[in-house]
Amino acid sequence: MSKRRNPDEDLQRLLDADAGEFGAIYRRLPHPEPPRRLDRVVLANAARAVRGDRAPPAQRWLLGLGSAAGLVLAAGIAWQVGQQIDAQDAQTGAPRSERTVIPVQPITESARTQKSESVEAAAAMADQELPAEAAPAKPVSAPPLRRKATPAKPAPAAVPPPAPAAQAPPLLEQRAAEPQAAPPTAVSAADAAQAFPEEKDNVSSEAASGAARERRDHAAGKAVGLSAPKAAAEQSRAPAPSSSVKLRQNMHLAPQDWLAEIVRLKNAGRRQEAIENLRLFRRMHPDWQLSDELRRLAE
Amino acid sequence: MDCLNLAGMGSERTDEELMLAYAGGDMLAFEMLYRRHRGTLYRFLLRSLRQRADADELFQETWSRAIAARERYRVEAKFTTWLLQIAHNLVIDRFRRSRPQASAEEAEVVFNQLDAPDDERPDRVLSEFEQRRRLQIALEELPEEQRVTFLLRMENGLGLEEISEVTGVGRETVKSRLRYALARVRARFET
């Protein structure tokens, strides 16, 4: 007897929980598994995808931090380079276009008050006898100063009290009016007389003009044919000629040390510098007994 | 593999919960999910495509697409159905590129062979080894759509509705494909 099959019955048995007779056979088939290589690839992809989601905030944070660090580094480098350029300028004395204008200040308030009496006396004398030299007492705009350079401040004697405004112009005008008529020696004397206002105006060139000032002093002495005492008096009336850093440093020395430095300068052949120091020393210490050697140098 | 040794961990969580956890960045959830479905998915692909290289390729591609679409996954869809949909689409694309579908006339021939006498049923006399071999051959010889439908039932245990959802065809079409597939398999056992 043959038994015909009913497809719907077979289907129903297939859809049973155990999937019928073929389900049993199917479950006994081999169960191939994916190779480990695929497992690694899939899990790596999944992990990478998750990390990719989380990464951007961390990367943004790192980016911000890196940018800030870069800015700080760049600012530091720029500052260092600026320092080096300033130092080079200070050494070479090269002008800088962006220099700022800084009013001239006295060296120090303490030093100024200590010697105020002698300075004022000297200035008053200078006003009486050489008003033109003290006339340009306007606090000058100052010369181009380097930001980091040692402050080149004028010597105390070079900062006289304001001169009467009415006195200065006539002399200046007079000098300006007759430069051609004056003999060459007189021209040199006039130039020498005008040198101090220029020095006040241009503090930065003080060091460079020190030697020129010496020459002018010499020229002035020779031109007018001053006798030695008169020349000495002229020198004593003159404001402190040097405002060099060295001279200002010496002002802060003890009197004995300062005198020893003056002797050293003289012995080293730097006679004019020694004279400038000695002149300033006598103003600051008028009662100090000088040795014969220094007295001769002063005279 | 470490994730495969996490036996029991996360078993209290459903596939859907694990998938949502992974979408939120929980890599351990994905490892559990992968451990649950790697075998059935691989066998479905291997028996559908019959080529290990193809199965490997589409297995990796299926998971890659699931990973890429994790943020679009919604709990309304059962995870198994969602994953098998991805795999099924890839399989169909591969079929279309490789060879034409089997003709419908072949199915009629198979049904005619079903009128065999009951005492001639080969499963009564075939050894267990022979039964497994014939089933494998029958699966390989099935037309692709029938084979995929049959495998979704046998390997993945899906019902008519779920198969319909995965394959994108109507319920009756699923039933028809299953009937034809069953007839062909039986024919292989009775020859």
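## Reading the helices and the chain contact

Reader: Let's jump right in. In which hand does H3(B) pass H4(B)?

Author: H3(B) passes H4(B) in a right-handed crossing. Keep in mind that you're looking at a predicted model.

Reader: How do I read the angle? At roughly how many degrees do the axes of H3(B) and H4(B) cross?

Author: Start with the cut-offs: an angle over 145 degrees counts as roughly antiparallel, and 65 to 115 as roughly perpendicular, with oblique for what is left outside the named ranges. Here the axes of H3(B) and H4(B), the latter covering residues 79-98, cross at roughly 135 degrees and come within 9 Å. The two helices are therefore oblique to each other.

Reader: Which residues make that contact?

Author: Look along H3(B) for Asp54(B), Leu58(B), Glu61(B), Thr62(B), Arg65(B) and Ala66(B). Across from them, H4(B) brings Leu83(B), Ile86(B), Ala87(B), Leu90(B), Val91(B) and Arg94(B). Sorted by class, the contact has 7 nonpolar residues, 1 polar and 4 charged.

Reader: Let me try another pair. At what angle do H6 and H9 of chain B pack?

Author: Helix H6 (residues 128-141) and helix H9 (residues 171-190) of chain B pack at about 135 degrees, and their axes are 9 Å apart. That angle makes H6(B) oblique to H9(B). As for the hand, H6(B) passes H9(B) in a right-handed crossing.

Reader: And which side chains should I pick out on H6(B) and H9(B)?

Author: On H6(B), find Arg134(B), Leu135(B), Ile137(B), Ala138(B) and Glu141(B). They meet Arg184(B), Val185(B), Arg188(B) and Phe189(B) of H9(B). That contact splits into 5 nonpolar and 4 charged residues, with no polar ones.

Reader: Now chain A. How many helices and strands does chain A have?

Author: Chain A has 14 helices and 0 strands, so its pattern along the sequence is just α repeated, helix after helix. Of its 299 residues, 21% are buried.

Reader: How much of the contact inside chain A joins residues at least 24 apart?

Author: Take the contacts between residues at least 6 apart in sequence: 77% of them join residues at least 24 apart.

Reader: Where the two chains touch, how many residues are in contact on each side?

Author: On chain A there are 35 residues in contact with 37 of chain B. Helices H1 (7-14), H2 (20-27) and H3 (36-92) of chain A each supply at least two residues to that side. H3(A) gives the most, with 13 residues. By class, the chain A side has 20 nonpolar, 4 polar and 11 charged residues.

Reader: One last thing, the backbone. Which residue of chain A has a positive phi although it is not a glycine?

Author: Go to Ala19(A), where phi is about 65 degrees. Ala19(A) sits in the loop between H1 and H2 of chain A. For exposure, count C-beta neighbours inside 10 Å: 20 or more would make a residue buried, 12 or fewer exposed. Ala19(A) has 17, so Ala19(A) counts as partly exposed.

Reader: What about Arg50(B): where does that residue lie?

Author: Arg50(B) is in the loop between helix H2 (27-49) and helix H3 (52-68) of chain B. Its phi is positive too, near 70 degrees, in a residue other than glycine. Because Arg50(B) has 14 C-beta neighbours inside 10 Å, Arg50(B) counts as partly exposed.

Conventions: Residues numbered from 1 in each chain as written. Chains lettered and ligands numbered in written order. Predicted model: local features only at pLDDT ≥ 70, side-chain atom pairs only at ≥ 80, totals over all residues. Axes fitted to C-alpha atoms, helices over the stretch in contact; angles between N-to-C directions. Helix = DSSP H or I, 4+ residues; strand = E, 2+ residues; numbered from the N terminus. Parallel < 35°, antiparallel > 145°, perpendicular 65-115°, else oblique. Left-handed = near helix turned anticlockwise from the far one by under 90°. Contact = placed C-beta atoms within 7 Å. Nonpolar A, V, L, I, M, F, W, Y, C, P; charged D, E, K, R; others polar.
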